[in-house]
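Work through the exercises below with the structure in view. Try each task before reading its solution.

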2 protein chains.
Amino acid sequence: MTKAVTISLDAMGGDGGIDVVIPAALDYLKHDKETSLILVGQEALLKERVGSHGFGDRLKIHHASQEVAMDELPSKALRGKKDSSMRVAINLVKEGVADACVSAGNTGALMATSRFVLKMLPNVDRPAIISALPCIEGQTYMLDLGANVDCTAEHLFQFAVMGSELVSAVADIPNPRIGLLNIGQEEIKGNEQVKSAHELLAASSLNYVGYVEGDDVYKGGADVVVSDGFVGNVALKSSEGVAKMISHFMKEGFSKNWLTKLAGLIAMPVLRSLRRRIDPRRYNGASLLGLRGIVIKSHGGADELAFANAISRARKEALTDVPSRIKAQVEAHLRRESE
Amino acid sequence: MTKAVTISLDAMGGDGGIDVVIPAALDYLKHDKETSLILVGQEALLKERVGSHGFGDRLKIHHASQEVAMDELPSKALRGKKDSSMRVAINLVKEGVADACVSAGNTGALMATSRFVLKMLPNVDRPAIISALPCIEGQTYMLDLGANVDCTAEHLFQFAVMGSELVSAVADIPNPRIGLLNIGQEEIKGNEQVKSAHELLAASSLNYVGYVEGDDVYKGGADVVVSDGFVGNVALKSSEGVAKMISHFMKEGFSKNWLTKLAGLIAMPVLRSLRRRIDPRRYNGASLLGLRGIVIKSHGGADELAFANAISRARKEALTDVPSRIKAQVEAHLRRESE
């Protein structure tokens, strides 16, 4: 893996904006000598904040006069912000100047703009958001995490093909196990879309392991878990909610009195390693799949560490050329179906 | 609260069957002198296992010759198991012999049988499963947890009315805050059912606080969170999965070597109190709402403590006569709508 990769960064996006993106970029360049970064945003501001650096051509600044607000409507961003840092960063991918782009800006706008600028891959109807989650054994990739609220069985099938290809490319799992998210009640099992998607998956050449339930996501029985964006988003957010609640209760418990504080101090190494294992920053960087280019969405509240992880995810996808692989796989599945 | 209540128990249901239900019942009777229990199942077996007890008429045995298997199809149980412990326990509620029933048997069969035997309340289209979940402040009740996979806006609205009434009855919250589960993307926010349900709720006299996201469930911003059964079930199961994963990592971390074991020993009181706070056994006992009678579903894998909690939930609902309250509320909302 010594191919040079260039990644454009929406420097103004996210809750932290340049305060997060610039230090993350500078730090990233120190550790990865094969990658070049393009900071996209207010040129004067960026130049001032970056100052002098020793990265030469590996760090460039590209001007964009506008910014997309975190709560801006996607349609408004699309129509009214043609020179936003987000849009220009995506344009650089379209023009082939960058191999991938990363933005911590608002998801809806990023999705709409990426779709408009880069266009969908042939035979892919909808883009999907995929991200890795921690699980007891390794990681589970889950999609769609919120790009599509109403999905047909065919959409779910396409998500499975795309997810499978992404995971085999970036996680080095040759034939990822695909699970379809469902609920465990007999007879009423699943709604109609899920039932039909099940048939499509079972008949395909994918490594389909059948239905999985919400708790299976964290057990590791599947490498890729497929659902529509409404269900996937609720599952993801609920999981985050539980993790935060437990961490809240733990902090509260250990800070009750001097005895519990002492216990907390002694237990610190174990608690710290637990926190590291489920640290959402390590999993930061969701991919927008199905586009003719690589776009990585960083969490809006990402810090430097988290944003740097999103950059390294972009690099991995660029190195393995995920969009071309997905394009080929989708075609292969269509060919097989028509045979 | 000194009214006498009689509760029928499906003694053969659940993974543990009589090994859980009998000790849970005996223990429960010791602590609650106002409640009578009827154990429903194989008479000879139950008599032998219960042996002599000092509860007199407060503990009765009612014969039922069949059992519903945990993996039995609901339709098969309904047609072929007319003398199952589950069905007979529900019959006792129908006949007015018991004020409520508890079963740890399979959810689909319990739902189908309850609906067939007890019938729905007037103007309620679908039963819904509701349960309490721990949250940072107090508890959140969530419904539907899996009874209905495809719901209309009107169904979601009815769930809200029923959930509101249940919580005001058993949790002593006069005007519960109702949240509607949704995802946070702008513009594509929510599918059509959720959007229409939002309109219905906003126009109603319920204490509707608007959309909530998956992580809000555990923050405590709403007393009742409404969703369709597919989404609710996935949210619940995902949450369980995360909690189990964290507990697994914690055990692993503390058992690494003698130093971490020592740390675990010292941190034990705090960890134990954490475990107690999120212990699913404390929240055991989901209500099947919308029926003309009280049916409580205990977790299939419930132990004695968990099953006893389900009994005490049944008692609470019997004391406050939840079905009558729901009936009245549904009528009141219909009246208001037509005015």
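**Exercise 1: Two helices side by side**

Decide how helix α8 and helix α9 of chain B run relative to each other, using the crossing angle of their axes.

Solution. This is a predicted model. Step one: take the geometry. The axes of α8(B) (residues 229-254) and α9(B) (residues 258-278) come within 9 Å and cross at roughly 150 degrees. Step two: apply the cut-off. Angles over 145 degrees count as roughly antiparallel. Therefore α8(B) and α9(B) are roughly antiparallel to each other. Step three: find the residues that meet. From α8(B) come B:Met250, B:Gly253 and B:Phe254; from α9(B) come B:Thr260, B:Lys261, B:Ala263, B:Gly264, B:Leu271 and B:Leu274. Step four: sort them. The contact of α8(B) with α9(B) has five nonpolar, three polar and one charged residue.

**Exercise 2: Another angle**

Classify the packing of helix α6 and helix α10 of chain B, then list the residues in contact.

Solution. Start with the numbers. α6(B) (residues 153-170) and α10(B) (residues 304-320) pack at an angle of about 95 degrees, and their axes are 9 Å apart. The range from 65 to 115 degrees counts as roughly perpendicular. So α6(B) and α10(B) are roughly perpendicular to each other. Next, the contact. B:Leu166, B:Ala169 and B:Val170 of α6(B) meet B:Arg313, B:Lys316, B:Glu317 and B:Thr320 of α10(B). Last, the character. Three of these residues are nonpolar, one is polar and three are charged.

**Exercise 3: The hand of a crossing**

Describe how helix α4 of chain A passes helix α5 of chain A.

Solution. First, the axes. Those of α4(A) (residues 85-94) and α5(A) (residues 107-118) come within 10 Å and cross at roughly 35 degrees. Second, the hand. The crossing of α4(A) with α5(A) is right-handed. Third, the residues. α4(A) brings A:Met86, A:Arg87, A:Ile90, A:Asn91, A:Val93 and A:Lys94. α5(A) brings A:Ala109, A:Leu110, A:Thr113, A:Ser114, A:Phe116, A:Val117 and A:Leu118. Fourth, the count by type. This contact of α4(A) with α5(A) has eight nonpolar, three polar and two charged residues.

**Exercise 4: Unusual backbone**

Locate the cis peptide bond in each chain, and find the place of A:Lys119.

Solution. Begin with what is usual. Most residues other than glycine have a negative phi, and most peptide bonds are trans. Now chain A. The bond from A:Leu143 to A:Asp144 is cis, with omega near 0 degrees. A:Asp144 lies in the loop between β6 (139-143) and α6 of chain A. Turn to chain B. B:Leu143 and B:Asp144 are joined by a cis bond with omega about -5 degrees. B:Asp144 sits in the loop between β6 and α6 of chain B. Finally, A:Lys119 is not a glycine, yet has a positive phi of about 70 degrees. A:Lys119 belongs to the loop between α5 and β5 (128-134) of chain A.

**Exercise 5: Relating the chains**

Work out which symmetry relates chain A and chain B.

Solution. Superpose first. A turn of 180 degrees with a shift of 0.0 Å along the axis lays chain A on chain B, with an RMSD of 0.0 Å. That is the relation of a two-fold axis. Now check the interface. 100% of the interface residues of chain A are also interface residues in chain B, so the copies meet through the same surface.

**Exercise 6: Confidence**

Find which element of chain A has the lowest mean pLDDT and which the highest.

Solution. Take the whole chain first. Chain A averages a pLDDT of 91, and 98% of its residues score at least 70. Then go by element. Helix α9 of chain A has the lowest mean, 85, and strand β4 (residues 100-103) of chain A the highest, 98.

Terms used. Residues numbered from 1 in each chain as written. Chains lettered and ligands numbered in written order. Predicted model: local features only at pLDDT ≥ 70, side-chain atom pairs only at ≥ 80, totals over all residues. Heavy atoms only, no water. pLDDT = per-residue confidence, 0-100. Helix = DSSP H or I, 4+ residues; strand = E, 2+ residues; numbered from the N terminus. Axes fitted to C-alpha atoms, helices over the stretch in contact; angles between N-to-C directions. Parallel < 35°, antiparallel > 145°, perpendicular 65-115°, else oblique. Contact = heavy atoms within 4.5 Å. Nonpolar A, V, L, I, M, F, W, Y, C, P; charged D, E, K, R; others polar. Least-squares fit on C-alpha atoms with pLDDT ≥ 70 in both. Left-handed = near helix turned anticlockwise from the far one by under 90°.
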